[in-house]
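Thanks for making the time this morning. Please have a look at the sequence and the model on the screen, and then I will take you through the packing.

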Amino acid sequence: MLLITILSLYSFEGFDTQKISIPHLDKLVHFVFYFIAAILGSMLIKERTKGQFNLLGTVIISMVVVIIYGIVIEVIQNTFTNYRSGDLYDVLANSLGAFFGGGIIFILFLGKTPLKWKD
């Protein structure tokens, strides 16, 4: 999350990004970052709580935290920087990435018994 925060608030004024002409690359990057954040967040919650929450609860908590984080970052960009702006489409890309990341975790681990938390 620290990497996402730094990249979201950093000014890339000195970099020539015009050479990269992939349509909607920015939204794809948002999607991928938040996809990974939701996956890692779900695994972190499951590990740190020693399996206290069921799979669905873990995934929902992770997705909600990641989505709220994405909204807060967009508000900070729009409010406190003059070189970045908040974008509702970024929030949408972030949220879709979080939903897909949470969905992947849910599908991959649905019906599987945890290996670590049984004593």
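Which residues form one aromatic cluster here? They are Phe31, Phe35 and Phe100, and before I go further I should say that what we are looking at is a predicted model.

Staying with aromatic rings for a moment, the structure holds three aromatic pairs. In one of them, the ring centres of Tyr34 and Tyr69 lie 6.3 Å apart with their planes at 40°, so this pair counts as tilted. It also links distant parts of the chain, since Tyr34 sits in helix H2 and Tyr69 in helix H3, with their positions 35 residues apart in the numbering. As for their surroundings, both Tyr34 and Tyr69 are buried.

That brings me to the nonpolar cores, where these two tyrosines appear again. The largest core has nine residues, namely Ile4, Tyr34, Ala37, Ala38, Val66, Ile67, Tyr69, Ile73 and Ala98. Helix H2, which covers residues 25-48, and helix H3, which covers 55-80, each supply at least two residues of this core, and the largest share, four residues, comes from H3. Apart from this core lies another one, of five residues, including Leu55, Val59, Met63 and Ile105.

Now to the helices themselves, beginning with H2 and H3. Their axes come within 8 Å and cross at roughly 135°, and because of that angle H2 is described as oblique to H3. The crossing of H2 past H3 is right-handed. On the H2 side the contact includes His30, Tyr34, Ala37, Ala38 and Gly41, while among the H3 residues taking part are Val66, Tyr69, Gly70 and Ile73, so you will recognise several names from the largest core, such as Tyr34 and Tyr69.

How do H3 and the next helix, H4, lie relative to each other, and at what angle do their axes cross? Helix H4 spans residues 88-109, and the axes of H3 and H4 come within 9 Å and cross at roughly 165°, which means that H3 runs roughly antiparallel to H4. Here too the crossing is right-handed. From H3 the contact draws on residues including Leu55, Val59, Met63, Val66 and Ile67, and from H4 on residues including Ala98, Phe99, Gly102 and Ile105.

If you keep one residue in mind, let it be Tyr34, which belongs to the largest core, pairs with Tyr69 and takes part in the contact between H2 and H3.

Conventions
Residues numbered from 1 in each chain as written. Predicted model: local features only at pLDDT ≥ 70, side-chain atom pairs only at ≥ 80, totals over all residues. Heavy atoms only, no water. Core = buried A, V, L, I, M, F, W, Y, C linked by side-chain atoms within 4.5 Å. Buried < 20%, exposed > 50% of the residue type's maximum accessible area, 1.4 Å probe, protein only. Phe/Tyr/Trp six-rings, centres within 6.5 Å; stacked < 30°, edge-to-face > 60°. Axes fitted to C-alpha atoms, helices over the stretch in contact; angles between N-to-C directions. Parallel < 35°, antiparallel > 145°, perpendicular 65-115°, else oblique. Left-handed = near helix turned anticlockwise from the far one by under 90°. Contact = heavy atoms within 4.5 Å.
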